[in-house]
Amino acid sequence: MRKYSAFAIAREAFRQHSGWQRAWRSPELKKSYSVVIVGAGGHGLATAYYLAKNHGIRDIAVIEKGWLGGGNTGRNTTIIRSNYLQDESAAIYEKARGLYEGLSAELNYNIMFSPRGVMMLAQTEHELRSFHRVNQANTLQGVATEMLTPAQVKAKVPIMEINGPRYPVLGALWQARGGTARHDAVAWGYARAASDLGVDIIQQTEVIGITQVGGQVTGVQTTRGDVACKKLGIVVAGHSGVLAEMAGFRLPIESVSLQALVSEPIKPCIDVVVMANTVHGYLSQSDKGELVIGGGADGYNNYTQRGSFHHIEETVRALIETFPIISRLKQLRQWGGIVDMTGDRSPIIGKTPLGGCFINCGWGTGGFKSIPGSGWALAATMALGEPDKLAAPFGLERFAEGRFIDESVAAGVAH
Ligand SMILES: Cc1cc2nc3c(=O)[nH]c(=O)nc-3n(C[C@H](O)[C@H](O)[C@H](O)COP(=O)(O)OP(=O)(O)OC[C@H]3O[C@@H](n4cnc5c(N)ncnc54)[C@H](O)[C@@H]3O)c2cc1C
């Protein structure tokens, strides 16, 4: 695969862009692979990439029922941060954030990582105390965060009304190296790099069954025929329960729709990411000028990619208290994704009751930020056959053992 570079842009400018190659191959599905990954979202593609790059396993198919990156990876609000409460979470999210820092160079693909800073507002005394606790935990974990005073918040975000009628801003937890990245580009970058290493990415192909002999996975049934494999990775976010049922086990996961919306594009007015957990809304501005706004998850389980209409109203109404200047903006579009929620708001990474079958799910409303770390950890786990250090605390067995990794505080708002 030809490298993208300033020289390549110049060269193509002189020959009317006739020399660009396709970003990834579209191969035929083979009859067997060493490893099959179900789901070409960010997590599945990153897993395939690190399996090939870190572990030299290249006989891999990533099978996707739609188009790659068309699930939650292409539907999220792209917030990246690692200021979680528990040590296990901080380790994997900080690994991911660190990988994001160098990902454009690593993948030779501009993922537009923008470490503009993430601010989590404290708008009640309880929230302020919780964030002080997270800040102290982060200090011990080596994750760089700090508390901001209301005046410091106002200085960073002049458009914010910090003396709001219901919930004045009492402070904020600030992670300066948090930020955003272009979600599609993360999927495309991993796809291109994985394809270049020999991974077959098979789109428009649904996995409809999982075959096994004597408790060991032997392959998958797809809408394009059967495929044998020695190891299987299930990385399908909101459809994890469906795939688990095919494999013959159950997951402690609920699937709900989470939605987001963008405003019409306006001139730059906010250059950090703000999360307002109490009123439940979050906001950043895209490079195109749209305000990217996220809200809550549906209150009932479903597989729609729409979201309930009343959430839009609630989210916007809540944010207007803190950002009165957005009150007259028009909404450009709205969408939903199917998120996979665990009871302790932490993911599941590791082995399953079916031999040779591994799973990575439960990232719920907040798994975009973890894509590089999670792909890294699942790849190591699949290659070794045992959970690696990052993945080990997140095994499925923790629900039977009562060993929860409670992130309900730090996961807070819906991501
Ligand atoms: C509105 C919204 C806002 C969000 N905001 C943030 C945020 O700001 N920050 C953050 O960190 N996270 C956020 N998230 C969460 C984040 O998007 C997800 O955790 C993450 O993208 C999950 O990635 P994935 O690769 O696991 O899943 P997906 O990207 O959903 O990929 C799974 C893929 O599996 C495929 N699939 C399913 N079943 C089958 C089958 N039977 N056969 C073949 N393929 C199958 C699907 O088509 C899909 O492409 C948000 C999510 C939503 C919906």
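This is a short tour of a ligand site, one strand beside it and one loop residue.

The model is predicted: local features need pLDDT of at least 70, side-chain atom pairs count only at pLDDT 80 or more, and totals for chains, interfaces and linings use all residues. Residues are numbered from 1 along each chain as its sequence is written.

**Stop 1: the ligand.** Select the ligand and its shell, which holds 39 residues. A residue belongs here if its C-beta atom, placed from the backbone, lies within 6 Å of the ligand. Now pick G39, G41, G71, G337 and G367, the closest ones. Colour by domain: domain 1 (29–78 + 183–252 + 344–411) and domain 2 (115–179 + 255–341) each give the shell at least three residues. These bounds come from an automatic or database domain assignment.

**Stop 2: strand β12.** Select 254–263, which is β12. Strands are DSSP E runs of at least two residues, numbered from the N terminus. β12 supplies at least two shell residues. Nine of its 10 residues are buried (20 or more other C-beta atoms within 10 Å of their own, C-beta atoms being placed from the backbone).

Add β16 (331–341). β12 and β16 pair antiparallel over 10 bridges; pairing takes at least two DSSP bridges. Find V256 opposite V339. Then show β15 (residues 291–297), joined to β12 by four bridges, also antiparallel. There, L258 partners A297.

**Stop 3: T78.** Go to the loop between β2 (60–63) and β3 (79–80). T78 counts as buried because it has 25 C-beta neighbours inside 10 Å. Draw a C-alpha to C-alpha distance to G179: 8.1 Å, across 101 residues of sequence.

Technical notes. A residue is buried if 20 or more other C-beta atoms lie within 10 Å of its own, exposed if 12 or fewer, and partly exposed in between; C-beta atoms are placed from the backbone.
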